[in-house]
Amino acid sequence: MGPFPSSRGNKYILVAVDYLSKWVEAKALPTNDARVVCKFLKSLFARFGAPRAIISDRGTHFCNDQFAKVMLKYGVTHRLSTAYHPQTSGQVEVSNRGLKRILERTVGENRASWSDKLDDALWAFRTAYKTPIGCTPYKLVYGKACHLPVEKVQLNELNELRDHAYENSLIYKEKTKRIHDAKIKNRVFNVGDQVLLFNSRLKIFSGKLKSRWSGPFTIVQVFPYGTVELSQNSGPNFKVNGHRIKHYFGGDIPTEDFPDCEDSRARSFTLHPQEFHILSFILGIQYPNLID
């Protein structure tokens, strides 16, 4: 994460998260090059052992010869998020937001002190209860609450505790998947179908109430897991997710700003009364009692 305001010469925070235990490791760094990343990982390997795999984005500090040599030396598989969806590593995204929120509340007006507060933020994050695992990351890693001494009985129960956390994590993910899948409409597309593409990058009221639907395009190939390949009259073919398209049956392209299914979050925007009054004035609609 970064760059942040300089704090004791540090401008970046390098974050690593264990997938099961949600244990977070973070370090304040002056730069974000490959050297500091490799040094950080080596220190983690010395403390916890080498993981089976590491997931990262496609930043140059992760995709380089030095990083590849370290992965090869320790026998770690390096997996990359896709270029068109860098948020694939959702676990670290959640951790990043949590650390940022804690730092924002602890640094106060003196923003340059964030590096001094990082250890406190990590302690708070590690000792916070996590719903997916049913306990705190600290308890899952060490088998005890952070303020109690380790006892032999607790050490013997550590494996049982970790198995229970793994089961809780699977149950949580299955419930989340069911909720997510229930909101997705099952649309079947075939080669040769005419479709419209939803452009989510257009802002509200961009291009004088321009439609967010573009096209029509022709489906030339259908891939597993909902991906389709579209052809256009002027330009090469391209691939998109099937949730961003809908069938086109001729006629004018719809002018509504939002699609009728997938991007339901876009429907939740709300105009300020004064903004709505200005919009109604532009459209010639009279609302005399809208604003006191």
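In the predicted model, Arg-79 of strand E4 is the bridge partner of Ile-55. The connection between E3 and E4 passes through helix H2 (residues 65-74), and the resulting β-α-β crossover is right-handed. Strands E3 (residues 53-56) and E4 (residues 77-80) run parallel and are joined by four bridges. The two faces of E3 are unlike in their cover: Ile-54 and Ser-56 form the covered face, whereas Ala-53 and Ile-55 lie on the uncovered one. Such a pattern follows the general rule that side chains in a regular strand alternate between the two faces of the sheet.

Helix H7 spans residues 158-182, a run of 25 residues. The distance from its first C-alpha to its last is 36 Å, close to the 36 Å expected at 1.5 Å a residue. Leu-158, Ala-165 and Ser-169 are buried in H7.

Helix H4 (residues 114-126) contains Asp-119. This residue counts as exposed because its relative accessibility is 56%, the cut-off for exposed being over 50%. Asp-119 and Ala-28 are separated by 91 residues in sequence, while their C-alpha atoms are 9.8 Å apart in space.

Over the whole protein, eight helices and nine strands are present. Of the 292 residues, 31% are buried. Among contacts between residues at least 6 apart in sequence, 50% join residues at least 24 apart. The exposed area of the protein is about 19700 Å², of which carbon and sulfur atoms supply 54%.

Note on methods
Residues numbered from 1 in each chain as written. Predicted model: local features only at pLDDT ≥ 70, side-chain atom pairs only at ≥ 80, totals over all residues. Heavy atoms only, no water. Buried < 20%, exposed > 50% of the residue type's maximum accessible area, 1.4 Å probe, protein only. Contact = heavy atoms within 4.5 Å. Areas by Shrake-Rupley, 256 points an atom, 1.4 Å probe, with all protein chains shown as cover. Expected span 1.5 Å × (residues − 1). Pairing = 2+ DSSP bridges. Right-handed = clockwise from strand over helix to strand, strands pointing away.
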